[in-house]
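Student: I should like to work through a structure by question and answer. Could we begin once it is in view?

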Amino acid sequence: MTVTELVSYEDALASYDPVMGLEVHVELGTKTKMFCGCSTELGADPNTQTCPVCLGMPGALPVVNATGVESAIKIGLALHCEIAEWCRFARKNYFYPDMPKNFQTSQYDEPIAFNGYLDVQLEDGEVFRVEIERAHMEEDTGKSTHVGGATGRIHGAQHSLLDYNRAGIPLIEIVTKPIEGAGERAPEVAKAYVAELRELIKALGVSEARMEMGQMRCDVNLSLRPHGREKFGTRSETKNVNSLRSVERAVRFEVQRHASVLSAGGTIVQETRHFHEEDGSTTSGRIKEEAEDYRYFPEPDLVPVAPSREWVEELRGTLPELPRVRRNRLREDWGVTEHDMQSILNAGAVDLIVATVEAGADSAAARKWWMGELARSANESGTDLAALPITPAQVARVAALVAEGSLNDKLARQVIEGVLAGEGDPDAVVDKRGLKVVSDDSALGAAVDEAIAANAAIADKIRGGKVAAAGALVGAVMKATRGQADAARVRELILERLGVEG
Ligand SMILES: [Zn+2]
């Protein structure tokens, strides 16, 4: 049944509880594919990174990529999962043009990692635990390009092109248990979970997890059930949602859509759905297969994976500090609020600030430049903070010049502008542009005298004891020296000249 009028999100929540299940696919950053030696490098000409194994030629025999297994175990451990002592790959049979073997090598009832959790922090600081069902290894499919239609989709296309370079690239699929109890915060929980998972994957160094590049994608399962009922409703599965914001929107839309259907007395069809970036809606895909439709059976060409406990413990020892723990530690070190830390995270500035502090800056100065001048600059040029042509060491040098009094904030901003414009290191920009705070009395004296002469009435007020009026004269000197005067010294000189005690 289709619904033309969506019930509001608030009305939907007044009658129903959302239950979510999130399935995230992560492409591992291994050098070679999961079951053959083909390169995984992006950007090569179509079908140049293939071999008999990943093209599914008869008789070709796969071999498991050890780094792929190691990455899967690391992800499992970081998600507090148990690691299987023995597990197998399975064939998931289905016919699809971008899958040359006509089955996907995956894992079925014996995943490498299972029964874990990930704690995610919501924007108000509350921690929500998302339970992990399993993390299993599998391989990516090839890529189809549909040519000749108006939409780029298969419908209406005249022909389709297939590129098998991606076929066989290692994937880890991470599946949550049903996420219940999030209520109206379900969209926020979904987004926070995917964000936290992405940070974790990056911290482990197993993938760059760039959603915009398809290295990480999320399938959003959602169902509603009336308040007080235990049994889950029928779910829909919105496939391949490609950004954090889209995950949030997809959940919200499906909550409203399900509620609209159910409130009108309709039934939800179990199906996959497509998400549309333009308006945040979803449309029907195909009717969802049940697991038995795939006729899973153990892969006879691969030996079972049986990671020794020693190896697992060794890998556990290599795990980095978890991102949420690290963020909380930094938040305390830096003395910032939860909200500020969230902004720093959203701006992609955490690692940059850490590196700037390591290069000698104090954390307040590092935060100030990255979250102020540099964030503005990144915003204007539409790039990521990390992509700006300035290094943490250069920012630390600017902060040092300010700390020692050679630059004031205004001059420091000009130095940063110079570095971003490719004029060289901060010291080179200072030299070239002649940007130094002038604190030398002989150089400042003339400007101070002129300011006093030009503002006789103000000077009289100061002589009369109204010391606060000195600010106007300091301003005049700063203007005359194009901001390069040492303001504190200027103030002292003015008061000295007028015979007043500061
Ligand atoms: Zn290959």
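The exchange below takes up a metal site, a cavity and a helix in this predicted model.

Student: Which geometry does the site of the zinc ion have?

Tutor: The zinc ion is held by the SG atoms of Cys36, Cys38, Cys51 and Cys54, at 2.3 to 2.4 Å. Four donors count as tetrahedral if all angles lie between 85 and 135 degrees. The angles among the four donor atoms here are 99 to 115°, and the site is tetrahedral.

Student: How are the donor residues of the zinc ion spaced in sequence?

Tutor: The donors are Cys36, Cys38, Cys51 and Cys54. Of these, Cys36 and Cys38 are both buried. Written as a pattern, the spacing is C-x1-C-x12-C-x2-C.

Student: Which residues lie closest to the centre of the largest cavity?

Tutor: The structure holds one cavity of 30 Å³ or more. The largest cavity encloses about 110 Å³ of space. Its lining comprises 17 residues, and the closest to its centre are Cys54, Lys101, Glu139, Ala167 and Gly168.

Student: How many charged residues are in the lining of that cavity?

Tutor: Asp, Glu, Lys and Arg count as charged. The lining of the largest cavity has nine nonpolar and three polar residues, and its charged residues number five.

Student: How far apart are the end C-alpha atoms of helix H3?

Tutor: Helix H3 covers residues 186-204, and its buried residues include Ala186, Leu197 and Leu204. At 1.5 Å a residue, its 19 residues should span 27 Å. The distance between the end C-alpha atoms agrees with this, at 27 Å.

Student: Which residue follows H3?

Tutor: The residue after H3 has a positive phi, near 75°. That residue is Gly205.

Notes. Residues are numbered from 1 along each chain as its sequence is written. This is a predicted model: local features need pLDDT of at least 70, side-chain atom pairs count only at pLDDT 80 or more; totals for chains, interfaces and linings use all residues. Side-chain values use heavy atoms; hydrogens and water are left out. On a 1 Å grid over the protein atoms alone, a cavity is a set of points where a 1.4 Å probe fits but cannot get out, and a pocket is an open set with protein on both sides within 12 Å along at least five of seven lines; lining residues have an atom within 4 Å of a point. Grid points are joined across faces, edges and corners, and a volume is the space filled by probe spheres set on the points. Donors are N, O and S atoms within 2.8 Å of the metal (3.2 Å for Na, K and Ca); water is not among the atoms, so sites may look incomplete. Four donors count as tetrahedral if all angles lie between 85 and 135 degrees; four count as square planar and six as octahedral if opposite donors are over 155 degrees apart and all others between 65 and 115; anything else is irregular. Buried means under 20% relative accessible area, exposed over 50%, partly exposed in between (1.4 Å probe, protein chains only). Helices (H or I, at least four residues) and strands (E, at least two) are DSSP runs, numbered from the N terminus. The expected span of a helix is 1.5 Å times one less than its number of residues.
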